[in-house]
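Here are my notes on this one, as numbered points. Have the model open while you read, and start with the ground rule for contacts.

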Amino acid sequence: MYNLKRKIPTFVAVGLVLIFVLASTLTGCSPAPANTSGKLNVVATTTMIADLSSVIGGDLIEVRGLMGPGIDPHLYQASAGDVTKMQNADVVVYNGLHLEGKMSEVFESLKGQGKTVICLEDGLERARLLEDEDNNQLFDPHIWFDVSLWKDAAKHVTKGFCQADPKNEAVYKENLQAYLLKLEQLDTYIKSRVAELPKNQRVLVTAHDAFRYFGNAYAFEVKGLQGISTDAEAGTADVSNLASFIAQNQIRAIFIESSVPPKNIQALQAAVSAKGFEVQIGGELYSDSLGDASSGHNTYILTFKANIDTIINALRLGAGT
Amino acid sequence: MNCEDYAVEVCDLTVAYDVKPVLWDIHLAIPKGKLVAIVGPNGAGKTTLIKAMLGLVKPVSGAIFFGCNTPKMIDKKKIGYVPQSGSVDWDFPATVLDVVMMGRYGHLGWFKRPGHKDRDMAMEMLHKVGMHQYAARQISQLSGGQQQRVFLARALVQQADLYFMDEPFKGVDAQTEKSIVWLMSELKNQGKTMVVVHHDLRTVPDYFDWVTLINTRIVANGPVGEVFHEKNLCKAYGGQGLLLKGAAV
Amino acid sequence: MDFLVPLLGDYTFRTVALGAALLGIVSGVLGSFAVLRQQSLLGDGISHAALPGVVTAFLLTGSKNTEILLLGALISGLAAAYLMITIVRHSRIKFDSALALVMSVFFGLGLALLTWAQKTPNANQAGLKRFIYGQASTLLERDIVMMAACGAVLLLLVALLWKEFKIFSFDPDFAQSIGFDTTKLNLLLSFLIVVAIIIGLQTVGVVLMSAMLIAPGVAARQWSNQLWLMVMLSAVFGALSGVLGAVISSAIPSMPTGPVIVVCISVIATISLLFAPGRGILHKIYRQLKARSLLQVEGRDIS
């Protein structure tokens, strides 16, 4: 009995090491993608890019997304399994402009290995990008909220696919044309919905500055609590100032984002209430990712529609929680 | 003699850290009212022995009895403990009086606060050890001998019947040594028992009337006159026993 | 100064300042005992060990509700504290080694779980990391109520068990010898510290919480020589840095509240270490120089 008791610390130490090993294998474990189909193996970072890639590539490609719905790309760290996926891929597509803030080294090393790496940033005109307000060396990466920029991104991805898989060039270009039409329809829809709001109501308040391109393209004033990256922490002054702005301008609704904790917006709502104005939480917007399959909003077009409907409906009637 | 006449009895005690035994098969009985010296070379297990008796270290095997009672049955606050002054961080924010009052905490039990009676008792004991003018002094400003006296006062305040002391004479000045010896004989006159880990062989016959010689095992245990001689000292200390005993025959 | 008046009327500032002050008081009081027991890094260890609990709570319930995540953190923190104490008790491993071991395993496990959670197909689960690093400016009223309630219970227990904690911190062997169960006291004190840490997690986050636990106690020790005074001062310093942090964060935009609070308490601690009379470094240097010059004078007189 004494001998066994003496061994307890050893058991504990061994047990802890075992837990640690188990934990590391959990993250490393993902089945190696076997490319037996002869299709182009494409790995995309965000859900938006995965959607875009699958539209352009259609049946000719197999798309694997790294981030799932609701994941915050600013904070996402690539696991060993992710790196393996990218190394086995034929093409890797990512956003750039530091959206995937913690993954830049991985992309550099992939480029160095001679892989086809498509960066959306490269397909966009510098002049049309918005600068980061705090740091004018950097640009705002949330480009997908301007449909016209997304069209350019689609063209760039098509170009990349054609280079990697020239024999299917015709199909890719055909898919692109079809999609550009759809995007055009989306753009019209958005503009018509925006027109339903009087000019002074066109203010969008969210948890972080993801919607500046939206504001720029569709004449909306946009304010976020946290700044461009969710990595930043909002200061007390930021909350207070934004609350004052909302109360003074009598903005009817503020919005939660799917990839940011709702607490930030709840605190903002409480602050506004203390200033004598009741602002509603107008609903949840998809900011840094698309919706998931269960919500029915799992493509770019469906997600954007859902967003604009949520925004306009809430601001128009003041409905929501 | 039956169990009531003994202050503390140790039966079959073995204490070990990892595989190395520090105390091995200790059988020991100490009668009440004696002034006991526990002596032995370094690493003999002297401190471990009194810690085991106090329940501060867990033995591999063996049992301790106080009178006829097991440790669970007796009143712990009736056992005084004077540890080595080096066992504590003296930079703690407390005054001399604070520390001595801690001796009363056992009597207060959980949650209760010390009152006037406790304070007066603490001051009285400080008087006894000659430290009453230092009552408000920070303990970090005390000398080694003063620290020892504070610990002594803390044990006295418990009004115990049995006292354990760990090398109370180590590193103290002559004045303090005399005070401690005087206090110990006073306690003996009141019928208390004192078990003292002692480092200076020369003073054993002068200060104590009972001695336990130990070197991982018990070498001898009995009245000083009967047991404290060269043969036993040799057994306990190896060849150094004669040197250490010095002038005493 | 004239910006202070509108500041006091501002809801966000009041909420954050109150939360930060509560955190400062509770961590100051309990941190004093940690500092005196030479367990200063306990705060660091426990707050890191809370991570797997937070992630697991989310994975099991699918909710990012504050109370649920904090409950997960609490269980995880308590488990880690218990593990550390048990390792020290039943082996020769010293406290800091046990702490480092448990902390790194727990935190590593938490990070692994976090990475794994990233993969689960649930479009509503980001922001767990944000929880760990704290976001003081988004404290809600019900957070404050919870902090106040828990804090009150903690402080009440400290007041009730004052002498027990005092003797246990100073001389645990002696405490044991007069009949106090030191194992129970050790566990209880450690658990109170864990609860204090969990309360503070939302305000300053995992990494900075250890500063809130240690710095007020270290600063207070410099100015006091009695335990009750040290603990009181520790609470005052903690509360002061909390409020100051809220003030600075409110006055300057884009200043994150949590880190500013920690900077404030660090400044207080540094000033205390340098300038406190008696124990302060500068005072010691001054005394040395004075003694030296006195000796020189006397030397001259004698010769």
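Two residues are in contact when their C-beta atoms, placed from the backbone, lie within 7 Å. Please also keep in mind that this is a predicted model.

1. Let's put that rule to work on C:Ala235, which sits in helix H12 of chain C. What does C:Ala235 touch, leaving out residues up to four places away in sequence? The partners are C:Ile25, C:Gly28 and C:Val29. Take C:Val29 in particular: along the chain C:Ala235 and C:Val29 are 206 residues apart, yet 5.5 Å separates their C-alpha atoms. Is C:Ala235 buried or exposed? It has 24 C-beta neighbours inside 10 Å, and the cut-off for buried is 20 or more, so C:Ala235 counts as buried.

2. On to the largest nonpolar core, which has 255 residues. The members that touch the most others are B:Val36, B:Val100 and C:Val54. Helix H11 of chain C (residues 182–223) supplies the largest share of this core, at 22 residues. Chain A takes part too, with at least three residues from each of domain 1 (40–189) and domain 2 (197–317). As for C:Val54, its contacts beyond four places in sequence are C:Leu69, C:Gly72, C:Ala73, C:Leu128, C:Phe131 and C:Ile132.

3. H11(C) turns up again in a helix pair. Its partner is helix H3 of chain C (residues 42–49); the two axes come within 8 Å and cross at roughly 105 degrees. An angle of 65 to 115 degrees counts as roughly perpendicular, so that is the label for H3(C) and H11(C). On the H3(C) side the contact uses C:Leu42, C:Gly43, C:Asp44, C:Ile46, C:Ser47 and C:His48. H11(C) contributes a set including C:Ile193, C:Ile197, C:Leu201, C:Met209 and C:Ile214.

4. Which helix of chain B is worth a look for burial? Try H1(B), residues 46–54: eight of its nine residues are buried, so the rest of the structure largely encloses it. Among the buried ones are B:Lys46 and B:Lys51, along with B:Leu49, B:Ile50 and B:Met53. Right after H1(B) comes B:Gly55, with a positive phi near 80 degrees.

5. Now chain A as a whole. It has 11 helices and eight strands, and its C-alpha trace spans about 75 × 70 × 40 Å along the principal axes. Of its 321 residues, 45% count as buried. If you take the contacts in chain A with a separation of 6 or more, 67% of them link residues 24 or more positions apart.

6. The domain assignment splits chain A into domain 1 (40–189) and domain 2 (197–317). Their centres, taken over C-alpha atoms, are 25 Å apart. Domain 1 puts 27 residues into the contact and domain 2 puts in 24. On the domain 1 side, H3, H6 and helix H7 (169–194) of chain A each give two or more residues, and H3(A) gives the most, with four.

7. Those helices also pack on one another. H3(A) (residues 47–57) and H6(A) (residues 147–164) meet at an angle of about 60 degrees, with axes 10 Å apart, so H3(A) is oblique to H6(A). The crossing is right-handed. A:Leu52, A:Ser53, A:Ile56 and A:Gly57 of H3(A) make the contact with A:Ala153, A:Ala154, A:Val157, A:Thr158 and A:Phe161 of H6(A).

8. H6(A) has another partner in H7(A). Here the axes come within 10 Å and cross at roughly 175 degrees, so the two helices are roughly antiparallel. From H6(A), the residues involved include A:Trp150, A:Ala154, A:Thr158 and A:Phe161; among those they meet in H7(A) are A:Tyr172, A:Leu176, A:Leu183 and A:Ile190.

9. Finally, how many residues of chain C are in contact with chain A? There are 47, and they meet 44 residues of chain A. On the chain C side, H2, H5, H6, H7, H12 and H13 each supply at least two residues. H6(C) has the largest share, eight residues.

Definitions and conventions:
Residues are numbered from 1 along each chain as its sequence is written. Chains are lettered from A and ligands numbered from 1 in the order in which they are written. This is a predicted model: local features need pLDDT of at least 70, side-chain atom pairs count only at pLDDT 80 or more; totals for chains, interfaces and linings use all residues. A nonpolar core is a set of buried Ala, Val, Leu, Ile, Met, Phe, Trp, Tyr and Cys residues joined through C-beta atoms within 7 Å. A residue is buried if 20 or more other C-beta atoms lie within 10 Å of its own, exposed if 12 or fewer, and partly exposed in between; C-beta atoms are placed from the backbone. Domain bounds come from an automatic or database domain assignment. Axes are lines fitted to C-alpha atoms, for helices over the stretch in contact, and angles run from 0 to 180 degrees between N-to-C directions. Angles under 35 degrees count as roughly parallel, over 145 as roughly antiparallel, 65 to 115 as roughly perpendicular and the rest as oblique. A crossing is left-handed if the near helix is turned anticlockwise from the far one by less than a right angle, and right-handed if clockwise.
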